[in-house]
Amino acid sequence: MCTECYADEDRVTPLLNPEECLKNHTQYICGTCGRCICIDRTKNGLQRWNFPFKSAAIAKLYIRTADFTMKKSCGIYEIKSASGRIFYKIFSDEAELKTYLQNNKDKTCSGKKPLFSQSRYREFPNTQVRRLSEDEALHYMDERKTRQSKR
């Protein structure tokens, strides 16, 4: 696992349209392994890590952007809706989780402890946050395809 971005693969990207994202969104570029993670903000100021994820594994691929944005170690929590749907959300701390649950009475979190969290927040010297050039995005996608074909 990368000590900075927590991924097991340095080009893993769980996006539906990764090339479009790499070309058009601001990326957190891991200074350790070079993996790009979308850190772009919506018009409302939300980032991808603010939204629910289908699995804890996918949430783990985005948690570094939460840590970096909040400048603290965030956590992944399993949330269950009244209909039985299970999803995973990243919160900056247990107080933020508690507020979310108070505002969403149909949601619960058993244990109220994160499934994944780093023990402390760390900065890394070679991290970059910027948009990629078109050439960089295409090169990244080529590397991603090459690594996928080797599996």
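**Exercise 1. Find the bridge partner of Gln-27 in E7, then work out the sheet around it.**

Step 1. Look across from Gln-27 into E7 and you land on Arg-130, its bridge partner. Before going on: this is a predicted model, where local features need pLDDT of at least 70 and side-chain atom pairs count only at pLDDT 80 or more, while totals for chains, interfaces and linings use all residues. Residues are numbered from 1 along each chain as its sequence is written, and side-chain values use heavy atoms, with hydrogens and water left out.

Step 2. Strand E1 (residues 27-29) runs antiparallel to E7, with 3 bridges between them. Strands here are DSSP E runs of at least two residues, helices are H or I runs of at least four, and both are numbered from the N terminus. Two strands pair if DSSP finds at least two bridges between them.

Step 3. Now add the third strand: the open sheet has the order E2-E1-E7, with antiparallel pairing. Strand E2 (36-38) and strand E7 (128-130) are the edges, each pairing on one side only.

**Exercise 2. Decide how enclosed helix H3 is, and what it gives to the largest nonpolar core.**

Step 1. Count burial (under 20% relative accessible area, with a 1.4 Å probe and protein chains only). In H3 (residues 63-70), 6 of the 8 residues are buried, so the helix is largely enclosed by the rest of the structure. The buried ones are Ile-63, Arg-64, Thr-65, Ala-66, Asp-67 and Phe-68. Just after H3 comes Lys-71, with a positive phi near 60°.

Step 2. Check the core, meaning buried Ala, Val, Leu, Ile, Met, Phe, Trp, Tyr and Cys residues joined through side-chain atoms within 4.5 Å. The largest one has 22 residues, and Tyr-62, Ile-63, Ile-76 and Ile-90 touch the most other members. H3 gives the most to this core, with 3 residues.

Step 3. Zoom in on Ile-63. Skipping neighbours within four places in sequence, its contacts (heavy atoms within 4.5 Å) include Tyr-6, Cys-74, Ile-90 and Phe-116.

**Exercise 3. Say which residues surround Arg-144 and what its charge situation is.**

Step 1. Place Arg-144: it sits in helix H5 (residues 134-149).

Step 2. List its contacts, again leaving out neighbours within four places in sequence: Arg-11, Thr-13 and Pro-18.

Step 3. Look for a salt bridge (a side-chain nitrogen of Lys or Arg within 4 Å of a carboxyl oxygen of Asp or Glu). Arg-144 is buried but has none, and the nearest side chain of opposite charge, Glu-19, is 8.2 Å away. For charges, Lys and Arg count as positive and Asp and Glu as negative, with His and the chain ends not counted.

Definitions and conventions: Buried means under 20% relative accessible area, exposed over 50%, partly exposed in between (1.4 Å probe, protein chains only).
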